[in-house]
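Subject: Structure handover

Hello,

Here is the structure I said I would pass on. My notes on what I found in it follow below.

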Amino acid sequence: MTREELVNRLRALTKQVYSNITVTPEEAVQYDELTKFPELKAVIVDLLTPEYDSFVASIDWVAPRPTTFRINLQNDQMFYLIYGKRSWIAQVEGKKYYLLNLPEEERAAQSIANLLRYGAKVEEGAAAEGGAADLGAELPGAEPTPETPPAVTAEETPEA
């Protein structure tokens, strides 16, 4: 092998090596757990479609054994994915779905869809301001409710 052949061969190998380097996917930057646990991405895609990024706010690794992930949704709801001995388990609103079975996987996806449909949680301060007393006043055609008279104390009662 001559020097020129060796240089040409090295150039070709260098191009091959640099072409194999992939750019880090965007989800790997945003969700570090997906790079550490590639199987997790497949489960999330099965449950939420490939556009899961529109619905997921963050992914937290909450327990090492059994490996448990908390999937925080954009509307402040969450569900858990647990890696079991045989398959993944989705825990949505306290109910467990074994994702090895197709019917249970479909029920888990439906439960997650219901979670997404709930919307954002109502804050306590906003709930107190817009309580049941205010609802009657906001309804069209609703008559105002009569206010209850103040309680009479023992000092105000006339003596007999």
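The centre of these notes is an open sheet of five strands in the order 1-2-3-4-5, with antiparallel pairing. Strand 1 (56-64) and strand 5 (95-98) are at the edges, and each has a single partner strand, so one side of each is left without a neighbour in the sheet. On average, and ignoring direction, neighbouring strands of this sheet are turned by 25 degrees against each other. Please keep in mind that this is a predicted model.

Going through the pairs: strand 2 (residues 67-73) and strand 3 (residues 78-83) run antiparallel and are joined by five bridges. One of the pairings is that of Arg70, whose bridge partner in strand 3 is Tyr80. The hairpin of strand 2 and strand 3 has four residues between the strands, and Asp76 there takes a positive phi near 65 degrees.

Strand 3 pairs with strand 4 (residues 88-92) through four bridges, in the antiparallel sense. Here Leu81 has Ala90 in strand 4 as its bridge partner. The two strands, strand 3 and strand 4, are joined by a hairpin of four residues. Strand 4 and strand 5 are also antiparallel, over four bridges, and Ile89 stands opposite Tyr98 in strand 5.

Two helices go with the sheet. Helix 4 (residues 38-48) lies across strand 1, strand 2, strand 3 and strand 4, and runs at about 135 degrees to strand 3. Helix 5 (residues 102-118) packs on the sheet as well, where it touches strand 2, strand 3, strand 4 and strand 5; its direction makes about 140 degrees with that of strand 5.

Which residues touch the most other members of the largest nonpolar core? They are Leu47, Phe79 and Leu81, out of 24 residues in that core. Helix 4, strand 1, strand 2, strand 3, strand 4 and helix 5 each supply at least two residues of the core, and helix 4 gives the most, with five residues. Leaving aside neighbours within four places in sequence, the contacts of Phe79 include Leu47 and Leu48, Phe69 and Ile71, Val92, and also Ile112 and Leu115.

Last, the confidence. The mean pLDDT of the protein chain is 77, and 68% of its residues reach 70 or more. Over residues 132-137 the pLDDT is below 50, and this stretch has two contacts in the model beyond near neighbours in sequence. Where pLDDT is low, the predicted coordinates should not be read in detail.

Regards

How values were computed. Residues numbered from 1 in each chain as written. Predicted model: local features only at pLDDT ≥ 70, side-chain atom pairs only at ≥ 80, totals over all residues. Heavy atoms only, no water. pLDDT = per-residue confidence, 0-100. Contact = heavy atoms within 4.5 Å. Pairing = 2+ DSSP bridges. Axes fitted to C-alpha atoms, helices over the stretch in contact; angles between N-to-C directions. Core = buried A, V, L, I, M, F, W, Y, C linked by side-chain atoms within 4.5 Å. Buried < 20%, exposed > 50% of the residue type's maximum accessible area, 1.4 Å probe, protein only.
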